[in-house]
Amino acid sequence: MPSDDELDVPEGARYLHICSNETIGGIRFPEFPDVGTPLVVDMSSEFLARRIPWHLVDVVFGGVQKNLGPAGMAVVFVRTSILEETARDLAAYLRFDTHADKDSMYNTPPVFTVWMTGKVLRWMEARGGTPAIERDAASKAAAIYGVIDESDGWFRSPVEPAHRSHMNIVWRLPSDELEAAFLAASKERGMLGLKGHRSVGGIRASVYAAMPAEGVDALVDLMRTFRAQHA
Ligand SMILES: Cc1ncc(COP(=O)(O)O)c(C=O)c1O
């Protein structure tokens, strides 16, 4: 991940677009870049599981399908002072001011997704809101990275500790065969979807907001047991 110094932002750029958490490599910006240019941030994969430094951003957007609800909707936060700037030669639907003027109901809203997202937001609020979800995420991720780091390199994280995602934890085993065996063992225990993204392989645990600590405990237990049996 680039440091602020390494980001080559052209003079006069109107914004810098970043993806604050990337799900395939399992990386995140530990801090949002502070380069004097407003940020437009895709937070799909860590929405409301991380506080937003509003002084740095003009736009935050994301699909709800990871932390907030079923697929089919995106949530966009736009600084109201820039709404007028979107009134350019764009199709009506692509203009943020169109949606703002119509209370986000310019088109037919996906009501089931809206309703489910509302339920999730209430659940998040009852847990203590974003600060609590952020804390939970850090502790769930730390539990899994802990097992990786205590394994003397048997489990291997390809990501520098400072840039490790709290949502998507990726790691490797010593061989493709052991990775296949690990996935089979996880399936036997009822844990699904641990295969890494097809473009990079390996193992990936996505621990979005709805994943309870018990799910992480079960995974941690499997990792320790599997290593004891195969290392
Ligand atoms: C950060 C991020 N942005 C965008 C997407 C893609 O979202 P969509 O499939 O809704 O375009 C994903 C993954 O689904 C993602 O993790």
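Q: Two strands pair if DSSP finds at least two bridges between them. How many bridges join strand E1 to E4?
A: Keep in mind that this is a predicted model. Strand E1 covers residues 16–19, and E4 covers residues 39–42. The two run parallel, and cysteine 19 stands opposite aspartate 42 in E4. The number of bridges joining E1 to E4 is four.

Q: Which residue in E5 is the bridge partner of valine 41?
A: Let's step across to the next pair of strands. E4 pairs with strand E5 (residues 57–63) in the parallel sense, over four bridges. On the E5 side, the partner of valine 41 is valine 60.

Q: Do E5 and E6 run parallel or antiparallel?
A: Five bridges join E5 to E6. As one example, glycine 62 has valine 75 in E6 as its bridge partner. The direction of this pair is antiparallel.

Q: Which strands stand at the edges of the sheet?
A: Four strands make an open sheet with mixed pairing, in the order E1-E4-E5-E6. An edge strand has a single partner strand, so one of its sides is left without a neighbour in the sheet. The strands in that position are E1 and E6.

Q: By how many degrees are neighbouring strands of this sheet turned against each other on average?
A: We're still looking at the open sheet E1-E4-E5-E6. Ignoring direction, the average turn between its neighbouring strands is 15°.

Q: Which side chains of E4 point to the buried face?
A: Side chains alternate along E4. Val40 and Asp42 point to one face and are not buried. To count as buried, a residue needs 20 or more other C-beta atoms within 10 Å of its own. The buried ones, on the other face, are Leu39 and Val41.

Q: How many of the residues in the shell around the ligand are polar?
A: The residues around the ligand are Cys19, Thr23, Asp42, Ser44, Ser45 and Gly63. One residue of this shell counts as nonpolar and one as charged. The number of polar ones is four.

Q: Are H3 and H5 roughly parallel or roughly perpendicular?
A: Helix H3 (residues 129–149) and helix H5 (residues 213–230) pack with their axes 10 Å apart, at an angle of about 0°. Angles under 35 degrees count as roughly parallel. That's why H3 and H5 are roughly parallel.

Q: How many residues of the contact of H3 with H5 are nonpolar?
A: From H3, the contact uses Lys140, Ala143, Ile144 and Val147, and they meet H5 residues including Leu219, Met223 and Arg224. The contact has no polar residues and two charged ones. The nonpolar count is eight.

Q: How do H2 and H3 lie, roughly parallel or roughly perpendicular?
A: The axes of helix H2 (residues 111–127) and H3 come within 7 Å and cross at roughly 80°. Met124, Glu125 and Arg127 in H2 meet Gly129, Ala132 and Ile133 in H3. Angles of 65 to 115 degrees fall into one class, so H2 and H3 are roughly perpendicular.

Q: Is aspartate 152 buried or exposed?
A: Aspartate 152 sits in the loop between H3 and strand E7 (168–171). Its phi is near 55°, a positive value in a residue other than glycine. Having 12 or fewer C-beta neighbours puts a residue in one class. Aspartate 152 has 8 inside 10 Å, so it counts as exposed.

Terms used: Residues are numbered from 1 along each chain as its sequence is written. This is a predicted model: local features need pLDDT of at least 70, side-chain atom pairs count only at pLDDT 80 or more; totals for chains, interfaces and linings use all residues. Axes are lines fitted to C-alpha atoms, for helices over the stretch in contact, and angles run from 0 to 180 degrees between N-to-C directions. Angles under 35 degrees count as roughly parallel, over 145 as roughly antiparallel, 65 to 115 as roughly perpendicular and the rest as oblique. Two residues are in contact if their C-beta atoms, placed from the backbone, lie within 7 Å. Ala, Val, Leu, Ile, Met, Phe, Trp, Tyr, Cys and Pro count as nonpolar, Asp, Glu, Lys and Arg as charged, and the others, Gly among them, as polar. A residue is near a molecule or strand if its C-beta atom, placed from the backbone, lies within 6 Å of it.
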